[in-house]
Amino acid sequence: MNYESWLKRAAFVAPLALLAMDPALAQDAAPEAPAVADPAAIAFTFNTLSFLMTGFLVMWMAAGFAMLEAGLVRSKNVSMQCLKNIALYSVAGLMFWVIGYNLMYMDVNGGYFGVPIPKAIPDPASETSGDYAVASDWFFQMVFCATAASIVSGTLAERIKLWPFLIFTVILTGVIYPITGSWQWGAGWLSEMGFSDFAGSTLVHSVGGWCALSGAILLGARRGKYGADGSVHPMPGSSIPLATLGTFILWLGWFGFNGGSQLALDGFENASAISRIFVNTNLAAAAGVVVAMILTQVIYKKVDVTMALNGALAGLVSITAEPLAPSVPVALLVGGIGGIIVVLVVPLLDKLKIDDVVGAIPVHLVAGIWGTLIVPLSNADTSYVTQLIGIVSVGIFCLVVSSIVWLILKFTVGMRVGEEEEALGLDAVEVGVEAYPEFGVGSQRV
């Protein structure tokens, strides 16, 4: 070892030797212990993160509805469905900020609705306490509101005018949905009674379903859908791949829909609860698909892919009222019966000459009723009587109010396009941009 190397090593070792000889020096040189993390800040962060992440999953369901509807309508109406879906999401966001959120949550106190004023979003620097960020909660609740409006869009496709539909969307997202939501989630009268709807089988899906049903009855069926002799004329959609993509997007978004409704991610129990919700949600959807496939094979001797897609959605809607409490076998039962509902109710609507283009009424309304009614099977804190009271109350309110709004629109601005416009397609007549222009002038495929 040369002299220069020896000096370098001595310069490194000497301080260590001094520290070893004098513990006091070692103590003085030790780094400060890290500050203990604030448990409240950790909980605030995780809960806010949960709202934001599950919220943007639910927002992604807007894309799912758009693709599902684009695939199940005829090619001459695809642009209209895309336009309606981005428009209704935007309207829902505005209305839920202007009056919807506080009408649903502010000072309900066992009553029937809150205060219809804009939601205040605080300065971030002022949020030094609480369970989660105020803005994250508003965002999460808003995307649920938009989901209810998406349900109506598909049912009334191919014959309703754009602007009357959007006017109805203003009322639905600003008034109807927030009021019914306040009865349960806003600590209103149904909550006081003991009604339970974990993530919205009734408060989101059936609300949209009832509004879609009243609109479909008053709007009437597409021209040529039903014959005078009661025959049903199929009107195949433009793209099964798009409809399948939409279904998978909705399935993915549903993990946010149900999982986020735990409303917390802090601690062992909440994290475990969300994980269980994911499992039950996934298995209920899978059961809906398989049951729908088997049933269509038995009844029609062929497997109907649209029934399989809607079977998944019906399974998801059915488990949404209580995705946490059920065991796996119960979740499979709940979702599987959702698949049965789709296969049986779709032809029933055709017999009644109620034209539901995408099958939203069986999926969201009827499966939503089933899922809400069966909650006491796994949740001992509820009762079948209370669940039935909630279902009927929400149904009557939505049917009455939505029918009044639809009738006003029908006899003022009009709900429906003319016969010639319907034949040409709403893309050419109302939107001015055809989704598939290469199919010919006006995309005149029936």
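**Figure 1. The second largest pocket of this predicted model has a volume of about 310 Å³.** Here we look into a space lined by 14 residues. Nearest its centre lie Q141, W185, F198, S261 and L263. Two helices, α4 (78-105) and α5, each give two or more residues to this lining. The largest share comes from α5, with four residues. Sorted by class, the lining of the second largest pocket has nine nonpolar, three polar and two charged residues.

**Figure 2. The largest pocket has a volume of about 780 Å³.** If you would like a place to start, try K225, D304, T306, V346 and D350, which are the closest to the pocket's centre among its 27 lining residues. Helices α11 (305-320) and α12 (328-351) each supply at least two residues of the lining. Of these helices, α12 provides the largest share of the lining, namely four residues. As for the character of the wall, 16 of the lining residues are nonpolar, four are polar and seven are charged.

**Figure 3. The largest nonpolar core brings together 103 residues.** Within this core, the residues with the most contacts are V152, F168, L172 and Y177. Helix α5 (residues 134-155) contributes eleven residues, the largest share of the core. The helix is worth keeping in mind from the first view, where α5 also gives the largest share of the lining of the second largest pocket.

**Figure 4. A close-up of F168 shows its partners from elsewhere in the sequence.** Leaving aside residues up to four places away in sequence, F168 touches V152, I176, C211, S402, V405, W406 and L409. One of these partners, V152, is listed alongside F168 among the residues with the most contacts inside the largest nonpolar core.

**Figure 5. The largest cavity has a volume of about 70 Å³.** The structure holds three cavities of 30 Å³ or more, and this view takes in the largest of them. Its lining is made by 13 residues, and those nearest the centre are F65, L68, V358, A360 and H364. Four helices each supply at least two lining residues: α3 (39-72), α5, α11 and α13 (360-373). The lining of the largest cavity divides into seven nonpolar residues, five polar and one charged.

**Figure 6. The second largest cavity has a volume of about 60 Å³.** Around this cavity you will find S318, I319, E322, P326, V330, V334, G371, I374, V375, L377 and S378. The elements giving two or more residues to this lining are α11 and α12. Both helices will be familiar from the largest pocket, where α11 and α12 each supply at least two lining residues. By class, the lining of the second largest cavity has seven nonpolar, three polar and one charged residues.

**Figure 7. Residues 6-21 form a stretch where pLDDT stays under 50.** For this stretch, the model has seven contacts beyond four places in sequence. A friendly word of caution goes with this panel: where pLDDT is low, predicted coordinates should not be read in detail. For the protein as a whole, the average pLDDT is 92, and 90% of the residues score at least 70.

Definitions and conventions: Residues are numbered from 1 along each chain as its sequence is written. This is a predicted model: local features need pLDDT of at least 70, side-chain atom pairs count only at pLDDT 80 or more; totals for chains, interfaces and linings use all residues. Side-chain values use heavy atoms; hydrogens and water are left out. A nonpolar core is a set of buried Ala, Val, Leu, Ile, Met, Phe, Trp, Tyr and Cys residues joined through side-chain atoms within 4.5 Å. Buried means under 20% relative accessible area, exposed over 50%, partly exposed in between (1.4 Å probe, protein chains only). Contact means heavy atoms within 4.5 Å. On a 1 Å grid over the protein atoms alone, a cavity is a set of points where a 1.4 Å probe fits but cannot get out, and a pocket is an open set with protein on both sides within 12 Å along at least five of seven lines; lining residues have an atom within 4 Å of a point. Grid points are joined across faces, edges and corners, and a volume is the space filled by probe spheres set on the points. Ala, Val, Leu, Ile, Met, Phe, Trp, Tyr, Cys and Pro count as nonpolar, Asp, Glu, Lys and Arg as charged, and the others, Gly among them, as polar. pLDDT is the predictor's confidence in each residue, from 0 to 100.
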